[in-house]
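User: I would like a close look at one part of this model, with the criteria behind each term spelled out, followed by its wider setting.

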Amino acid sequence: MTTVQDLGRPGYAHLGISASGAADALSLRAGNLLVGNAEGAAALEMTLAGGTFEFESGAVVALTGADFEASLPMWTAVRVEPGDRVRCGHARSGARCYLCVNGGIDVPLVLGSASTHLMTRLGGWEGRALKRDDILLTKLGGRPWLRQVSGPAPRSGAIRVTSPVDAAAVCQGVWEVQPDSDRMGLRLRGPALDRHTGHMLTEGVPLGAIQVPPDGQPIILFVEHQTTGGYPKIANVISADFRAVGQLRPRDQVRFEQVSIDAALSLLEAQEEWLHSLA
Amino acid sequence: MRVVDASDRSLLLVLDDRISLAAHRNVLRLTPLLQSVPGVTNVHPAYASVLIDFDPRAIRHCDIERAAAELLAQAACAPAAEPRTVEIPVAYGGEYGPDLEAVAALTGHTPDEVVALHSGADYLVYFLGFSPGFPYLGGLPDSIAAPRLETPRRRVPAGSVAIGGRQTGIYPMASPGGWRIIGRTALPLFDPAGDPPVLLRMGDHVRFMALVRGSL
């Protein structure tokens, strides 16, 4: 599945509209910097399987994120000529690969963003995943120079979370990502968590919240998440590990580790420094 | 006000632990004030709380907390916008409201009585949430509160008017849903090209108008 994504449309949660945007925003931002774009330009997000993309005119492109056994090297700005094809296969590891093109993908902005929100069919290319024979335009622009960089260090350890309460219950378990996970939420299966008792008044939910529905099997609310919810939340994924969540695939085993907010912000700062070193 | 560090990029302000008009009025006034704070990226109002998302590279939790406390004091004396009343025409029952009969049976009414009670009440939009344009409405008469379906439907048509427990609502777009559908409106609640893209706004009053059976 391939969709058009950018950094999403924040600012509409009060209307019930979540931000959406790239599932691994760090990879999208890095790819854009490689092809000389602003880091939030629209690009193609491939999930689990890629596709073949033919260029009618020349461009500079970069593939970032997970390795999809593509015909081009990863994390490298590459010039393509008219008629060239970029082939992407299946995810070797991870779940999402980004194809960034100099200038960025040109689709009409909906509420200020090119991001596809699949659940509501909002934004992107006709509000849907791309199909065979779709023809997309790119904008002019970008100041690429051809180079290769190293991707960010892969995250193989626990996904780090913060919590205003003790999140030991979710940090002790090993969780398996379920196949019905999507951009709205990653459904996990493992040792059932205790239901928090008592009535919960519906309240706003942030990106990365780990919600515990009545069956005790947690859900990580992700980029297309609902804006409010009534289930208890046990913890929240840290910003620096959103990209790790975006690279989870069905059947992956997940562990969580609780850190302080200060630690989470230091990790985010380090990640931003890496990104800015590419600019 | 209770403040919860919901994540490394968000703060939850809890104004009350139950649904109240006083908390609603504060949420209503506080939301636009918070939206104008530099570094705030999204504000999620709810019944008695507000979640504030922000860019942690631009602003810190303690700054947001301080700003929120000041704005809450301002909000208490800020004039509220004149409430609007939005009338929503509804085709009750039949193919548009497949659960009307069941709601009538569950609540000990005739279907016509359920329609009269539902369309006779004044509803308040506490907030929009869950999905684009979905209104959380207060004011459903207790006598027509009906439990949710045991098994949610895979697809509820857009515009469906439904009862779920002590709540009533309108599905802005086709989606799965577990509430009992008693009717449908042809008014679009969400239009991405519209400005604003939603029909209803937080703080609006809503009246449902019963259409002649069979029309939409």
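In what order do the strands of the open sheet of five strands in chain A stand, and is their pairing parallel or antiparallel?

Analyst: This is a predicted model, in which local features need pLDDT of at least 70 and side-chain atom pairs count only at pLDDT 80 or more, while totals for chains, interfaces and linings use all residues. Residues are numbered from 1 along each chain as its sequence is written, and chains are lettered from A, with ligands numbered from 1, in the order in which they are written.

The five strands of the open sheet in chain A follow the order S1-S2-S7-S4-S5, and their pairing is antiparallel; strands here are DSSP runs of E with at least two residues, helices are runs of H or I with at least four, and both are numbered from the N terminus. Two strands count as paired if DSSP finds at least two bridges between them. At the edges of this sheet stand strand S1 (2–5) and strand S5 (78–80) of chain A, each of which pairs on one side only. From one strand to the next, the twist averages 30 degrees, with axes fitted as lines to C-alpha atoms (for helices over the stretch in contact) and angles running from 0 to 180 degrees between N-to-C directions. At the S5 edge, strand S4 (residues 59–65) of chain A is joined to S5(A) by three bridges, the two strands running antiparallel, and A:Ala59 stands opposite A:Val80 in S5(A).

This sheet belongs to a chain whose secondary structure comes to four helices and 19 strands. Chain A has a radius of gyration of 19 Å, which agrees with the value near 19 Å that a compact globule of 279 residues would have; the radius is taken over C-alpha atoms, and the globule rule is 2.2 Å times the number of residues to the power 0.38. The C-alpha atoms of chain A fill a box of roughly 60 × 35 × 30 Å along the principal axes, and 52% of its 279 residues count as buried, that is, with 20 or more other C-beta atoms, placed from the backbone, within 10 Å of their own. Of the contacts in chain A between residues at least 6 apart in sequence, 70% join residues at least 24 apart, a contact being two residues whose C-beta atoms, placed from the backbone, lie within 7 Å.

Chain A also touches chain B, and this contact takes 31 residues from chain A and 40 residues from chain B. On the side of chain A, strand S13 (203–204) and helix H4 (261–276) are the elements that give two or more residues, and H4(A) gives the most, with five residues.

Chain B offers a sheet to set beside the one in chain A. Its four strands form an open sheet in the order S1-S2-S4-S3, again with antiparallel pairing. Strand S1 (2–7) and strand S3 (40–45) of chain B each have a single partner strand, so one side of each is left without a neighbour in the sheet. Neighbouring strands of the chain B sheet are turned by 20 degrees against each other on average, direction ignored. Within it, five bridges join strand S2 (residues 10–14) of chain B to the antiparallel strand S4 (residues 49–54) of chain B, and the bridge partner of B:Val14 in S4(B) is B:Ser49. Helix H1 (residues 21–35) of chain B lies across S3 and S4 of that chain, running at about 170 degrees to S3(B), whereas helix H2 (residues 61–77) of chain B lies across S1, S2 and S4 of chain B, at about 30 degrees to S2(B).

How values were computed
Buried ≥ 20, exposed ≤ 12 C-beta atoms within 10 Å, placed from the backbone.
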